Structure formats: C-alpha cells, structure tokens
Amino acid sequence: MFMKQLKFLMIVFTLMMGVSFTSCMGESDPTVSPVATLKVVSAYPYTFQYPNDGLKIVASNTSELLTDNSVNLGLGDIIFLQYTYNSEEQPLTSETKEITAKVTIGHNCTSGNTSIGVPVENNGAGEPYENATIVELLPAGQGTMYYDKNTLLLGVTFYGEKSPYKHDLALIYGDDNHSAGDAGKDEEGIMKLYLRHVNNEEKPTERFSMYRAFDLSQFLAAFGETPTKIRIYANETDKNGSYSLEDAKKELQYEEIDYKSIFAVSYTHLTLPTIL
C-alpha cells in the first residue's frame with residue numbers, strides 16, 4: 001500500500017483537480033476515475049466533498065479504508081484522492097448531490113500542517129519552526145491552488161525518507177505585513193507568508209511531492225482587507241540531495257498566487273483569535 005501511495009504522489013502535479021479519466025478498456029467503458037482534492041465531511045461511511053457544499057463522494061470501500069493503517073483520515077481534513085464509479089449507473093448531472101464510488105487515497109494534505117496567524121521572531125527562521133529546507137514550491141497553475149477561500153493548497157517538494165507525514169510544515173504570517181488597522185498601507189496589497197519545514201527523519205534522501213493544506217482565516221483577519229495576492233516565501237535548497245539549512249539558497253524564494261481576482265470578498269467582519 002505504501003508503494004502505491006508513493007506512486008500516487010508522483011502524479012499529483014500532472015493530474016488537475018476534478019479531471020476525469022476513463023479506463024483503458026475503450027471509449028464505451030462507462031467506468032470513470034476522477035482525481036480530486038476533497039474535504040472529509042463524514043467518517044462512516046467516509047464521505048468527501050467538493051468545495052462550497054458541492055458534490056459528495058461516498059466511499060463504497062469505507063470498511064477497507066478504516067482497517068488500512070496507512071490511511072489516516074479526520075473530519076475536516078483535505079484529502080488528495082481518486083474515486084472510481086460507473087457513470088451509466090450513476091450519471092453526473094446538475095442535480096446530482098452525491099456519488100457512491102471506490103476511493104483510493106493519495107495523501108492527507110492537512111496532516112502535519114500549522115497556520116500561525118501572528119508574526120514570530122525572524123518570521124520563524126531556525127528552531128523551533130525550521131530545521132530543513134524544501135526543494136521547491138510549485139507555482140500557481142502547476143500545483144499551488146485553493147480548495148476554497150479559506151484554504152490554500154501548496155504544491156511542495158521536499159526530501160524525505162519513509163513518510164511525508166514525518167515532516168511538519170508551518171505557514172507563518174509575515175512581520176512585514178501591515179496590521180489590520182493600517183489596511184491599504186501596502187499599495188500592492190500582497191499578503192506575505194513564510195513556509196517553514198521541520199524534518200523528523202534521520203536520512204531524508206528521497207523527493208516527496210504533495211499538496212499541503214493551510215487554513216487562511218487567521219491570516220485574512222490579520223491582514224484586514226482582501227489581499228490582491230498571497231506570496232509564500234520558503235528556504236529552498238541550493239544543493240541537490242541536501243536538506244541542510246547550510247545549503248539553502250542565499251535568499252528566500254517565493255511564489256505568488258492571485259487572491260482578490262478569485263475571491264472578491266471583504267474580511268473586515270473577521271476578528272483575530274485570542275492568544276492565551
């Protein structure tokens with residue numbers, strides 16, 4: 001199962017969310033296998049849902065998923081998966097509310113991620129938020145995208161050994177953003193976030209490519225207005241095969257993704273969380 005998951009991870013950035021593929025048995029075969037990034041909305045049976053209260057996918061193989069130790073699914077988690085069903089028996093129309101299908105889990109996009117909605121010292125550089133570089137962030141259109149207006153899906157590649165879930169990623173609100181009270185101070189309206197990577201394995205030499213999901217709600221509240229774009233900075237390695245911070249590129253690298261043109265909404269009604 002684990003090797004299957006690794007192979008599945010390799011196609012993450014070549015299969016776009018929601019794109020369908022028919023089986024290789026011919027055009028007349030009604031079996032379809034869409035690939036999607038969906039949210040877990042029920043544990044029994046496992047049910048996954050498209051954004052904005054969209055189509056629900058009910059797993060016909062829930063018992064199999066429950067007994068598979070390599071599958072860790074929690075309510076609210078964002079999951080990269082593939083589901084297979086007979087499109088003649090269950091035709092997809094504008095009225096379709098749910099489909100029952102066999103679900104194959106690619107990876108849990110939520111596991112091991114933290115969103116920190118207040119600035120921290122040096123934007124989280126070094127311990128405890130960072131002890132390793134990443135290989136690269138994938139740009140918008142090639143990996144990075146949104147699940148919904150409050151959830152960012154980062155396409156990220158990093159060095160690992162056995163499990164991508166032994167790598168913690170924190171997305172931190174930059175101290176170079178204006179405060180909510182200074183809305184409009186940044187003429188460009190770009191929200192700046194910093195991705196930090198903690199490696200918990202001994203010999204990470206294999207590349208892992210996957211989506212990692214982050215809650216944006218704290219960041220949006222802190223920013224005080226709808227950002228034009230979101231810019232994500234990260235420490236990328238400058239040496240093939242190395243995850244050491246000593247081999248990081250001289251400057252942080254970044255990718256940007258449009259926000260305001262996609263989600264034209266106001267966040268002035270949001271309040272910052274209380275920090276105890």
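**Exercise 1.** Determine what share of the residues in this predicted model is buried.

*Solution.* The protein has 276 residues, and buried residues make up 48% of them. As for the surface, the accessible area of the protein comes to about 13900 Å², with 49% of it belonging to carbon and sulfur atoms.

**Exercise 2.** State how many helices and strands the protein has, and what part of its contacts joins residues 24 or more positions apart.

*Solution.* The protein contains three helices and 15 strands. Among contacts with a separation of 6 or more, 74% are between residues 24 or more positions apart.

**Exercise 3.** Describe the largest nonpolar core and identify which elements supply at least two residues each.

*Solution.* Begin with the core itself: it has 27 residues, and Leu171, Leu195, Leu216, Ile230 and Ile232 have the most contacts inside it. Next, consider the elements: β10 (151–160), β11 (167–173), β12 (190–199), β13 (206–215), α3 (217–223) and β14 each supply at least two of its residues. A second, separate core has 21 residues, including Phe48, Leu73, Tyr85 and Val103. Finally, take Leu216: beyond four places in sequence, its contacts include Leu152, Leu193, Ile230 and Tyr259.

**Exercise 4.** Locate Thr237 and decide whether it is buried or exposed.

*Solution.* First, Thr237 lies in the loop between β14 (229–234) and β15 (253–258). Second, Thr237 has a relative accessible area of 9%; since buried means under 20%, Thr237 is buried. Third, a polar atom of the Thr237 side chain lies 3.0 Å from the backbone oxygen of Lys239. Lastly, with neighbours within four places in sequence left aside, the contacts of Thr237 include Thr133, Ile134, Tyr159 and Asp247.

Methods: Residues are numbered from 1 along each chain as its sequence is written. This is a predicted model: local features need pLDDT of at least 70, side-chain atom pairs count only at pLDDT 80 or more; totals for chains, interfaces and linings use all residues. Side-chain values use heavy atoms; hydrogens and water are left out. Helices (H or I, at least four residues) and strands (E, at least two) are DSSP runs, numbered from the N terminus. Buried means under 20% relative accessible area, exposed over 50%, partly exposed in between (1.4 Å probe, protein chains only). A polar contact is a pair of N or O atoms within 3.5 Å; within protein, one must be able to donate a hydrogen and the other to accept it, and residues adjacent in sequence count only if both atoms are side-chain atoms. Contact means heavy atoms within 4.5 Å. Accessible areas come from the Shrake-Rupley method with a 1.4 Å probe; for residues, only the protein chains shown count as cover. A nonpolar core is a set of buried Ala, Val, Leu, Ile, Met, Phe, Trp, Tyr and Cys residues joined through side-chain atoms within 4.5 Å.
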